[in-house]
Amino acid sequence: MTSPIYRFPWLLDLAMRAKYRSYYGARLDRVCALVPEGARVVDLCAGSGAIYRHGLGKRVEWYRGFEISESMVRRARARGLPIEQADARTVEIPDCDVVLCLDSLYQFGELATAILQRAANQCSRLILLEPVDNVVQSDLSSLAGLAAWITDYGEGPVHFRHTESSLREAIEPIGEWTLERIGADLLAHTSRAPSTAE
Ligand SMILES: C[S@@+](CC[C@H](N)C(=O)[O-])C[C@H]1O[C@@H](n2cnc3c(N)ncnc32)[C@H](O)[C@@H]1O
């Protein structure tokens with residue numbers, strides 16, 4: 001059953017702020033800084049469009065968010081956000097400058113590398129934020145179960161999370177990456193120069 005945080009975008013925002021606390025804004029600032037002014041941006045698993053609302057929307061030529069949750073998309077569109085309902089595992093990714101995948105890669109499990117490869121073929125820069133310190137990895141089974149349940153976007157509890165080493169393994173075949181730790185997240189971006197000025 002879809003978790004409440006994916007039925008109510010304000011609850012997702014609240015959960016993300018509670019999880020990242022003082023790093024919440026710093027993560028998004030850093031991602032925005034890596035997106036060139038006037039870029040064409042695709043956001044896989046856009047959620048409630050946090051990065052768009054963080055100021056990115058004003059700096060880019062266009063932004064297209066793809067999000068699987070119907071209720072999330074309905075509410076985002078009601079607020080004027082350019083987010084469409086689509087499954088990132090199968091959607092045709094348009095030619096663009098940057099593809100973002102923020103705090104979402106774990107949901108793809110073993111498909112992560114193939115999805116990133118498809119994205120990489122369509123853009124000049126890939127930017128990922130991925131949580132690598134997770135409650136799901138806790139030894140306390142009740143905490144791990146709660147974390148898996150709370151991230152059920154409609155296909156059942158999500159038990160998988162990346163560690164730093166599993167993430168490195170998943171992204172390594174795509175090419176060269178620059179990695180930075182920001183709180184519980186690892187920020188990874190490909191090094192290939194974007195087509196627009198940074
Ligand atoms: C933790 S939220 C992150 C949202 C957003 N990227 C952010 O940083 O605030 C993960 C989002 O991925 C969405 N999602 C899960 N699987 C998806 C898929 N296959 N295609 C598109 N969206 C998906 C969920 O519905 C949820 O909104």
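The following exercises, each with a worked solution, concern a predicted model.

**Exercise 1. Cysteines and disulfides**

Determine how many disulfides the model contains, and explain why cysteine 32 is too far from another cysteine sulfur for a bond.

*Solution.* Begin with the criterion: a disulfide requires a pair of cysteine sulfur atoms within 2.5 Å. Next, consider cysteine 32. The cysteine sulfur closest to that of cysteine 32 belongs to cysteine 101 and lies 16 Å away, so the separation is too great for a bond. Then consider cysteine 45, whose nearest cysteine sulfur is also that of cysteine 101, at 5.0 Å. Cysteine 45 is therefore in no disulfide, since 5.0 Å does not satisfy the limit of 2.5 Å. The count under this rule is zero disulfides.

Classify both cysteine 32 and cysteine 45 as buried or exposed.

*Solution.* The threshold for a buried residue is a relative accessible area under 20%. Cysteine 32 has a relative accessibility of 9%, so it counts as buried. Cysteine 45, with a relative accessible area of 17%, is likewise buried.

**Exercise 2. Positive phi values**

Locate arginine 21 and cysteine 45 within the secondary structure, and state what phi value each residue adopts.

*Solution.* Take arginine 21 as the starting point. Arginine 21 occupies the loop that joins helix H1 (9-20) to helix H2 (24-34). Its phi is near 40°, which is positive although the residue is not glycine. Arginine 21 is exposed, because its relative accessible area of 65% is over 50%.

Turn now to cysteine 45. This residue belongs to the loop between strand S1 (40-44) and helix H3 (50-59). The phi of cysteine 45 is near 60°, again a positive value in a residue other than glycine. In contrast to the exposed arginine 21, cysteine 45 is buried.

**Exercise 3. The ligand and its surroundings**

Identify which residues are closest to the ligand, and describe the contacts made with nitrogen atoms of the ligand.

*Solution.* First, list the neighbours. The ligand is surrounded by 21 residues, of which the closest are Cys45, Glu67, Asp87, Ala88 and Leu102.

Second, examine the individual contacts:

- Cysteine 45 places a backbone N or O atom 2.8 Å from a nitrogen atom of the ligand.
- Aspartate 87 contributes a polar side-chain atom, 2.8 Å from a nitrogen atom of the ligand.
- Alanine 88 has a backbone N or O atom at 2.8 Å from a nitrogen atom of the ligand.

Third, consider the burial of the ligand. Taken alone, the ligand exposes 610 Å², and the protein buries 97% of that area. Finally, the space taken by the ligand is the largest pocket.

**Exercise 4. Sequence separation and distance in space**

For aspartate 43, proline 94 and glutamate 180, give the location and accessibility of each residue, and compare a separation along the chain with a distance in space.

*Solution.* Aspartate 43 is part of strand S1. At 2% relative accessibility, aspartate 43 is buried. Its C-alpha lies 11 Å from that of alanine 86, a residue 43 positions apart in sequence.

Proline 94 is located in the loop between strand S3 (83-85) and strand S4 (98-102). With a relative accessible area of 17%, proline 94 is buried. Proline 94 and cysteine 123 are 29 residues apart along the chain, and 8.5 Å separates their C-alpha atoms.

Glutamate 180 falls in strand S6 (residues 177-182). Its relative accessibility of 23% makes glutamate 180 partly exposed. Between glutamate 180 and leucine 111, the separation is 69 residues in sequence and 23 Å from C-alpha to C-alpha.

How values were computed:
Residues numbered from 1 in each chain as written. Predicted model: local features only at pLDDT ≥ 70, side-chain atom pairs only at ≥ 80, totals over all residues. Heavy atoms only, no water. Buried < 20%, exposed > 50% of the residue type's maximum accessible area, 1.4 Å probe, protein only. Helix = DSSP H or I, 4+ residues; strand = E, 2+ residues; numbered from the N terminus. Near = heavy atom within 4 Å. Polar contact = N/O pair within 3.5 Å; in protein donor to acceptor, adjacent residues only side chain to side chain. Areas by Shrake-Rupley, 256 points an atom, 1.4 Å probe, with all protein chains shown as cover. 1 Å grid on protein atoms, 1.4 Å probe; cavity = no way out; pocket = protein on both sides within 12 Å on 5 of 7 lines; lining within 4 Å. Sits in = over half its atoms within 2 Å of the grid points.
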